[in-house]
Amino acid sequence: MTGILILVTFVGLVVIAFASIIQKKLADSIILFMGVGLGSVILFFTFKAPDVALTEAVIGAGISSLIFLMALKHLGERA
Amino acid sequence: MFEFFNQPEVIKTIVTIGSMALFFVGLFGLLTQKHLIKIFMSIAIMETALFLLFIGLMYKKSFLAPILSDGQTGFTNMNDPIPHAMILTAIVIGMAVLALGVSFAIEYYKLTGKTNIDEMTSLRH
Amino acid sequence: MSFKREVPTTVMSGFALSGVLVLTILNILLQNIPTKIQTAGDELLKLNSSEGVANAVTSVVVYFRGFDTLGEIAVLFIASLGIGLMLESNSKCDIKAEGNFMLQTASKLLFPIIMLFGIYVMIYGHLSPGGGFQGGVIIASGILLLLISHKNFEVPHSVIIWLETLAGVSYVLIGLIGLVVLDKFLGNFLPNDISNMGLLLSGGIIPIIYIIVGIKVGSEMSMIVQNLIKRDGDV
């Protein structure tokens, strides 16, 4: 059961990461980058590492995405 | 089919191939994209792939997380706590360096107004 | 997809070939790892019961590798210094757009709950998953919620300066006291019996150091977030 969960999550993660890079607008790239963070939190939780999962959830999907959104605002691009 | 996917060799193969594929997606973005913020995003994706590889290789199926729960008295049959501590440090430092890099990009845009790396040629003459 | 015209085919084929080679070599090497290796973590788990702390990852980060945590705090401090140098401005910030009234009411309700949760995760770091880094960043995200919904809210500079200074200095002071008392930098000089495992007051200096780390990380993250949001003139 865990083997199939790891396989499906990895496939989804690679597809979302590839879609995040080849977008034309910057705002879509940032939203799909948050999806990469979510997938990696699910994987850390399956590997039985709760401290690492909590840290990645708070920093990867919280502060790191906020930094990119603030860059979007200061660069003057339309959302 | 469920028993085939739960063997330790198959799980190690899936983790290795998956995280290396994510690493190469990030490397592809680093080499071909032209916008400065997308280059930083590709570097962050590469770092996430390495953390997944590190923790996924030390995963043993029947062991528990390294925290004492209610009914236990000893630290036996637990996962290794040293890789968890190292990855925790690495995640925080990666985020700090990314924040510094993005602030440099914002200041450069305020000075010259360029975000495409093909136009940043002021050091070439 | 317009990027296909800019990248030459030699680059892409070399890229794909190197990727396939790396994957096959790694796969062959990693199949031959024996399933029972004696790692350093097994010995550390046996040593961990002498400290009396229920969370093994916390005792590795704070006690067995405490010097690395001191270096990591230094790296965070330098990054926050660099961001403050680049984005700080002296002119009065003039924000023209204030948040909606729904956002203002909801943020006043949510802010105490977020702060309480952050302080809980920080204090119970040695009994359940969590700790100083996670709790500090949760506190910074609570302050972020107030920053984006109210027009005149600003964390004053002097509060953050004093919190950071006191937290950083007391970390090194506790290490020096351990050097004087026990002949070991960051030695455990408070009582840490194994009979107290699972209680809040257990483990000696380990919860105290993690609370100090949490205060420092929380104040630095708040400063980084505030510098990124407020800037002169063009908000």
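Okay, quick definition before we start: when I say helix, I mean a DSSP run of H or I covering at least four residues, numbered from the N terminus. Keep in mind that what you're looking at is a predicted model.

Let's begin with L22(B), which sits in helix α2 of chain B, the one covering residues 8–32. Is L22(B) buried or exposed? It's buried, because it has 26 C-beta neighbours inside 10 Å, and the cut-off for buried is 20 or more. So who does L22(B) touch, once we skip neighbours within four places in sequence? From its own chain, I45(B) and A49(B), and from chain A, L13(A), V14(A) and A17(A). Then there's E47(B), 25 residues away from L22(B) in sequence, with 9.7 Å between the two C-alpha atoms.

How far do we trust chain B? Its mean pLDDT is 86, with 94% of residues at 70 or more. Going element by element, helix α3, residues 36–56, has the highest mean at 94, while helix α1, residues 2–5, has the lowest at 80. The usual caution goes here: where pLDDT is low, don't read the predicted coordinates in detail.

Over to chain A. You get 3 helices and 0 strands, so to speak an α-α-α pattern along the sequence. Its C-alpha atoms fill a box of roughly 45 × 25 × 10 Å along the principal axes, and of its 79 residues, 47% are buried.

Last thing, the contact with chain C: 11 residues of chain A meet 12 of chain C. On the chain A side, that's 8 nonpolar, 2 polar and 1 charged.

Terms used
Residues numbered from 1 in each chain as written. Chains lettered and ligands numbered in written order. Predicted model: local features only at pLDDT ≥ 70, side-chain atom pairs only at ≥ 80, totals over all residues. Helix = DSSP H or I, 4+ residues; strand = E, 2+ residues; numbered from the N terminus. Buried ≥ 20, exposed ≤ 12 C-beta atoms within 10 Å, placed from the backbone. Contact = placed C-beta atoms within 7 Å. Nonpolar A, V, L, I, M, F, W, Y, C, P; charged D, E, K, R; others polar. pLDDT = per-residue confidence, 0-100.
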